[in-house]
Structure formats: structure tokens, C-alpha cells
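Student: Please give me a close look at one part of this model, the pocket. Then follow its surroundings into the rest of the chain.

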Amino acid sequence: MTTSAIHQTLLIVYHSSTGGAAQMAQAVLAGAQLEPQIQTRLLHASQAQPQDVLDADGYVFVTPEYLAAISGLMKDFFDRCYYPALERIQGRPYASLICAGSDGSNAARQIARIATGWRLKAVSEPLIVCTHAQSPEAIAAPKHIPQQDLDRCSELGQALASGLQQGIF
């Protein structure tokens, strides 16, 4: 009797209005896909459902920071999925990425607090990419994340996927 390989799933949930966080999420996906034994799923926050959270073995949450907080659609994702997943996903690994104009730390703290309630295990410090967008025009403009920052996002995705595959997380 043969058994098929068990594939673990890494769920990447993101929101992006000006493209920065989307570029970061795509880079995480590209890095994670370097681990062929890990199934990767990239979902926009508006599309992700509680069952997606329950079906995943690890998570990456990617959001822009708006007014020193996670984006409204990312908050909506957490609002919709928090209680259905509560006490059902504890111990699973996660990472967070923030596309910020100036700081990003408060959005990272928000995600960490939510993850603490879910009893998830952070596998890295929050990865914050600062675009330095300060004027209304710069804030609304399409973002172009530098390659060195995209490389950091990709490395994080590969590390999380590799840790899942090796049973480290």
C-alpha cells in the first residue's frame, strides 16, 4: 500500500489599494512556491473565508497601513474569520508584512494582537516596508516596492514554507 505525500498549505491573505502590499504578497508567494511540497494560496482579504483559515497550516498576512492601523478590508477579514477559527488553529505559524508610508509598527501590533488571540506562533518579526509617502498625492499614487524589499518578502515566504515542510513550525 502506498501513501501519497501530505501537502501542507500556506495561506497568504492580503489587501492593497495602491499596489505596494500586492507586490509584497506576490513576492511572498514566489518565495513560498520554491518549496514544492507546500501548497500556496494567495487570497485577497475580501475573498478569504473562515474555511480558508481552517484549511491552512500557516499564514502570511499582508496589509497597507492606513492611519496607523491595518486596512479596513484586512480588518474585515479578521472580523469575519476570527470567531469561526478561534480555538481551532492555535500553534500554527504566521508572519506579517506591512506596507507603510512612515512607520507601520501600529499595524504590525494589531496583527500580533489578533494572532495572539488565535494563539498563532510568530515565526519572524513583522516585515515593514516604508514607502515614505507623506503627501496626499504620494499616498494615493501607485507604489513601486524596491527589489531589495521584494527579495526580503520572497525570503520570508520561502523560509516559512521551508519551516512548514521540515516540520520546524
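Tutor: A pocket here is an open set of grid points where a 1.4 Å probe fits, with protein on both sides within 12 Å along at least five of seven lines, and a lining residue has an atom within 4 Å of a point. The model is predicted. Its largest pocket holds about 320 Å³ of space and is lined by 17 residues. Those nearest the centre are E65, Y66, A100, G101 and I139. By character, the lining divides into nine nonpolar, six polar and two charged residues.

Three elements, β3, β5 and α5 (136–140), each give at least two residues to the lining. The largest share comes from β3, with three residues. E65 and Y66 fall within β3 (58–66), and A100 within β5 (93–100); I139 falls within α5.

β3 and β5 also lead into the interior, as each supplies at least two residues of the largest nonpolar core. That core has 28 residues, and V53, Y59, F61, F77, F78 and W118 touch the most other members. Further contributors of at least two residues each are β1 (8–14), α2 (50–55), α3 (72–85) and α4 (105–118). Y59 shows how these parts meet: leaving aside residues up to four places away in sequence, Y59 touches L10, L11, V53, I89, R92, P93, Y94, A95, L120 and L160. A second core, separate from this one, has 25 residues, among them A21, V28, L29 and L156.

Next is α3, whose 14 residues reach 20 Å from first C-alpha to last, close to the 20 Å expected. Its buried residues are M74, F77, F78, C81, Y82 and A85. An α-helix has 3.6 residues a turn, so residues three or four places apart point the same way. That spacing appears in M74, F78 and Y82, and again in F77 and C81. The cover over these buried residues includes β1, α2, β3, β4 (69–70) and α4.

Two loops carry an unusual backbone angle, since most residues other than glycine have a negative phi. L67, in the loop between β3 and β4, has a positive phi of about 50°. At 87% relative accessibility, L67 counts as exposed because the cut-off is over 50%. E87 lies in the loop between α3 and β5, just after α3, and takes a positive phi of about 65°. E87 is exposed too, with a relative accessible area of 64%.

How values were computed
Residues are numbered from 1 along each chain as its sequence is written. This is a predicted model: local features need pLDDT of at least 70, side-chain atom pairs count only at pLDDT 80 or more; totals for chains, interfaces and linings use all residues. Side-chain values use heavy atoms; hydrogens and water are left out. A nonpolar core is a set of buried Ala, Val, Leu, Ile, Met, Phe, Trp, Tyr and Cys residues joined through side-chain atoms within 4.5 Å. Buried means under 20% relative accessible area, exposed over 50%, partly exposed in between (1.4 Å probe, protein chains only). Helices (H or I, at least four residues) and strands (E, at least two) are DSSP runs, numbered from the N terminus. Contact means heavy atoms within 4.5 Å. On a 1 Å grid over the protein atoms alone, a cavity is a set of points where a 1.4 Å probe fits but cannot get out, and a pocket is an open set with protein on both sides within 12 Å along at least five of seven lines; lining residues have an atom within 4 Å of a point. Grid points are joined across faces, edges and corners, and a volume is the space filled by probe spheres set on the points. Ala, Val, Leu, Ile, Met, Phe, Trp, Tyr, Cys and Pro count as nonpolar, Asp, Glu, Lys and Arg as charged, and the others, Gly among them, as polar. The expected span of a helix is 1.5 Å times one less than its number of residues.
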